[in-house]
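Subject: The structure I promised you

Hi,

Here is the structure we talked about, ready for you to open. Have a look around before you read on, and then compare your impressions with my notes.

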Amino acid sequence: MNISTRPGYQSAKIVAPAAAAARQPSRALPSQPGPNPKAYRLPRWRLGALCTWSRPAPFVVAILLALGFASVHAQGNRVAGEYIAKAAGCMGCHTDTKAGSVPFAGGRALETPFGVFYGPNITPHRDTGLGAWSEEEVRRAVRRGERRDGSHYFPAFPYPSFTGMSDTDVRDLWVYLRSLPATNRANQEHALRFPFSWRPLVAVWKWLFFTAAPALSNAPTGASVARGSYLVRALGHCGECHTPRNFLGGPKSDRLLAGGKVPEGKVPNLTPTRLKKWTDAGLKEYLLTGLTPGGDIAGEPMGEVITNSTSRLTPDDLSAIVVYLRSLPPLPSQE
Ligand code: HEC
Ligand code: HEC
């Protein structure tokens, strides 16, 4: 396994200034043609008029800057969206593992006890991707698990976690997805065992186990419990693996993040019962590089979560995750 986390860490550091740059509204201003004396000479009186005009110019520029700033916010922010896509691991499930596959163009096989799911194409291709979708349709998919035709997505798409995402984050994410190259790659049918292959059954599953939730509070910066909770429960969907499930695939809500036996093996307990053995620095190092304090390397699928997501987070966000995990009620580990 290749955990190229150091470069990821570097790029995470670059995110903040890059995001700041993208918020700079200057690009919203019309570009001024540069002076070209050969092409056109301004008569004197016009120069005078220009000088008079240039006095209130700072105000005009300020107003334009403010308008640009507001519109960048209303339209969403691509760089912020890219960061959210990383924190949420969208690429892993939506990219085939074959060498040379186009990111987000789908084809990734996801093995589950119910059969194999294939992550669909979420590039902005009009026929095979999300090209014809509206922002509202993306929001309904990501936060409510609803398809455009009103039927339901299988919870292999972790919308039970993403339901806690803020609308601003979904908007930024959508701006980012739309900026990707539109790739023509047809979706594959999932290969599920009967009766799980019967999509209407998902309505029953949702009725039993899913409630669309209001967005979790998303403190944007700082290593706070609230930010950590947002990163772990909504974006990072850590509970999709670390919260054990019952035989119908419903999360055991009394064992939130407490790990246990899963069909693929055992998933560790992330509550303080187990994590108290780890130092903060050790935990952050693990989420950044996949190395345990004992010198082991994270096994799959955690290795992939580290490569695609946690190693790309800012140092503040990593700290927020640790602060949140430390705040959980300690639950016993299942042997
Ligand atoms: C754990 C794997 C996984 C992750 C992580 C994941 N998805 Fe998906 N996604 C799926 C699967 C599987 C489906 C298909 C579900 C179905 O057919 O019912 C899906 C479906 C979708 C769809 C509907 C596509 C269509 O053609 O109907 C959209 C949109 C989508 N995902 C966006 C995202 C975004 C955005 C993220 C990151 C915030 C994300 N996904 C993260 C597995 C994942
Ligand atoms: C796709 C499933 C999956 C997801 C999603 C996932 N994990 Fe894990 N995680 C695992 C597995 C499996 C292991 C055990 C790895 C091993 O045995 O080396 C693990 C191990 C860990 C460990 C080491 C704990 C220990 O005591 O050994 C930590 C810490 C951890 N995960 C945190 C997280 C956080 C934080 C998130 C969300 C950002 C997350 N995980 C998301 C599957 C997952």
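Let's start with a loop. Ala 212 sits in the loop that links helix H9 (201–209) to H10. Keep in mind throughout that this is a predicted model. Is Ala 212 buried or exposed? Neither, quite: it counts as partly exposed, because 14 other C-beta atoms lie within 10 Å, and a residue needs 20 or more to be buried and 12 or fewer to be exposed. Which residues does Ala 212 touch, if you ignore neighbours within four places in sequence? They are Arg 143, Arg 144 and Thr 163. You can also find Gly 145 with its C-alpha 8.7 Å from that of Ala 212, although 67 residues separate the two in sequence.

Next, the ligands. Ligand 1 has 23 residues around it, and the nearest are Ala 88, Cys 90, Cys 93, Tyr 153 and Phe 157. Three helices each give at least two residues to this shell: H4 (78–88), H5 (90–93) and H6 (135–144). H6 has the largest share, with 3 residues. What kinds of residue make up the shell? Sorted by class, there are 19 nonpolar, 3 polar and 1 charged.

Ligand 2 is surrounded by 21 residues, with Gly 236, Cys 238, Cys 241, Gly 299 and Met 302 closest. Here the elements that provide two or more residues are helix H11 (239–242), helix H13 (280–289) and helix H14 (302–308). H11 contributes the most, 3 residues. The shell around ligand 2 splits into 13 nonpolar, 6 polar and 2 charged residues.

While you are looking at H4, check how enclosed it is. Of its 11 residues, 10 are buried, so H4 is largely enclosed by the rest of the structure. The buried ones are Val 79, Ala 80, Gly 81, Glu 82, Tyr 83, Ile 84, Ala 85, Lys 86, Ala 87 and Ala 88. Right after H4 comes Gly 89, which has a positive phi, near 65°.

Now for how some helices pack. H13, one of the helices that line ligand 2, also packs against helix H15 (residues 315–327), with an angle of about 125° and axes 10 Å apart. H13 and H15 are therefore oblique to each other, and their crossing is right-handed. On the H13 side, the contact uses Asp 280, Leu 283, Lys 284, Leu 287 and Leu 288, and on the H15 side Leu 318, Ser 319, Ile 321 and Val 322. By class, that contact holds 6 nonpolar, 1 polar and 2 charged residues. If the spacing of those numbers puzzles you, an α-helix has 3.6 residues a turn, so residues three or four places apart point the same way.

H15 has another partner. How do H10 and H15 cross? The axes of helix H10 (residues 225–235) and H15 come within 7 Å and cross at roughly 95°, which makes H10 roughly perpendicular to H15. From H10, the residues involved are Val 225, Arg 227, Gly 228, Ser 229, Leu 231 and Val 232; they meet Asp 317, Ala 320, Ile 321, Val 323, Tyr 324, Leu 325 and Ser 327 of H15. This contact has 8 nonpolar, 3 polar and 2 charged residues. Look out for Ile 321, which takes part in the contact with H13 and in the one with H10.

Happy exploring!

Conventions. Residues numbered from 1 in each chain as written. Chains lettered and ligands numbered in written order. Predicted model: local features only at pLDDT ≥ 70, side-chain atom pairs only at ≥ 80, totals over all residues. Near = placed C-beta within 6 Å. Helix = DSSP H or I, 4+ residues; strand = E, 2+ residues; numbered from the N terminus. Nonpolar A, V, L, I, M, F, W, Y, C, P; charged D, E, K, R; others polar. Axes fitted to C-alpha atoms, helices over the stretch in contact; angles between N-to-C directions. Parallel < 35°, antiparallel > 145°, perpendicular 65-115°, else oblique. Left-handed = near helix turned anticlockwise from the far one by under 90°. Contact = placed C-beta atoms within 7 Å.
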